Amino acid sequence: MAENLIINGKDKQELYETLLPQLQSLTAEETDIVANMANIAAALKQTFDFFWVGFYVVKEKTLVLAPFQGPLACTRIQYGKGVCGTAWKEARTIVVPDVEQFPGHIACSSDSRSEIVVPVIRDGKVVAVLDIDSDKLNAFDETDAEYLERLCKQITI
Ligand code: SME
C-alpha cells in the first residue's frame, strides 16, 4: 500500500475526483491531441507535484515522446522495452513501486524511484501511454491506477 498523499487537506482520491471532471470538460472542447495532452500533463503535475508526467504516443513501431512536464526524457522507446514499452505490449496499467526492481526499466533520470504507466486505448489498440514518475518509492497504488485509467478513457486524445 502506498503512503497516503495529502495536499491542501485533500487525499488523492479527493484530488482526482476534483481534477477528472475539469480535465474532461477542458479536453472535450478541443480536438487537437497535442494541446489536450499538454494540459493534462500540466494539470497532473500542478495538482500532485509529480516528478515527471507525460505521454508517449505510438508511431509505427515506437513510442515517441509527447507533451510532458518535468526534466528531459528519452525520446523513443521500443515495443516491449522499459515500463512504457511493456504497458504498450501488454495493454495494461503497470505500477512499479521501486524502479530498481523492474527488469529493463529505462532510467531517464536517476531521481525517479517509482512509476505508473497507463495505456491509452482506442478501438482496442494502444495509441499512447501516460507515464508518471515519482522521486519517492512506492508512490502509486490502485487509487492512482483506477483514476488514471478513467482519465485515459474519458479524455479526447
Ligand atoms: N522509465 C520509463 C521511461 C520513460 S521516463 O521514465 C520519462 C520506462 O522504463 O519505460
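Is Tyr16 buried or exposed? I looked this up first and found Tyr16 buried, with a relative accessible area of 0%; here buried means under 20% relative accessible area, exposed means over 50%, and partly exposed lies in between, with a 1.4 Å probe and protein chains only.

Before going on, I noted that this is a predicted model, in which local features need pLDDT of at least 70 and side-chain atom pairs count only at pLDDT 80 or more, while totals for chains, interfaces and linings use all residues. I also noted that residues are numbered from 1 along each chain as its sequence is written, and that side-chain values use heavy atoms, with hydrogens and water left out.

**Aromatic pairs**

I took rings of Phe, Tyr and Trp (its six-membered ring) as a pair if their centres lie within 6.5 Å, calling planes under 30 degrees apart stacked, over 60 edge-to-face and the rest tilted. By this rule I count seven aromatic pairs. One of them joins Tyr16 and Tyr147, which are stacked at 5.2 Å centre to centre with 5° between the planes. Because Tyr16 lies in helix 1 (residues 12-28) and Tyr147 in helix 4 (residues 142-154), this pair ties together parts that are 131 residues apart in sequence; helices (H or I, at least four residues) and strands (E, at least two) are DSSP runs, numbered from the N terminus. Tyr147 counts as buried at 3% relative accessibility.

I then looked at Trp52 and Phe68, a stacked pair with 5.2 Å centre to centre and 20° between the planes. Trp52 lies in strand 3 (residues 52-59) and Phe68 in strand 4, so the pair links parts that are 16 residues apart in sequence. Trp52 is buried, with a relative accessible area of 5%, whereas Phe68 is partly exposed at 27%.

I also found one aromatic cluster, formed by Tyr16, Phe48, Phe50, Phe140 and Tyr147.

**A residue of strand 4**

Thr62 lies in strand 4 (residues 62-69) and counts as buried at 12% relative accessibility. Leaving aside neighbours within four places in sequence, I find Thr62 in contact (heavy atoms within 4.5 Å) with Val57, Arg76, Ile77, Gln78 and Trp88.

**Positive phi**

Most residues other than glycine have a negative phi. I therefore wrote down Asp49, which is not a glycine but has a positive phi of about 55°. Asp49 lies in the loop between helix 2 (33-48) and strand 3, and is exposed at 60% relative accessibility. Ala91 has a positive phi too, near 50°; Ala91 sits in the loop between helix 3 (82-90) and strand 6 (94-96) and is partly exposed at 38%.
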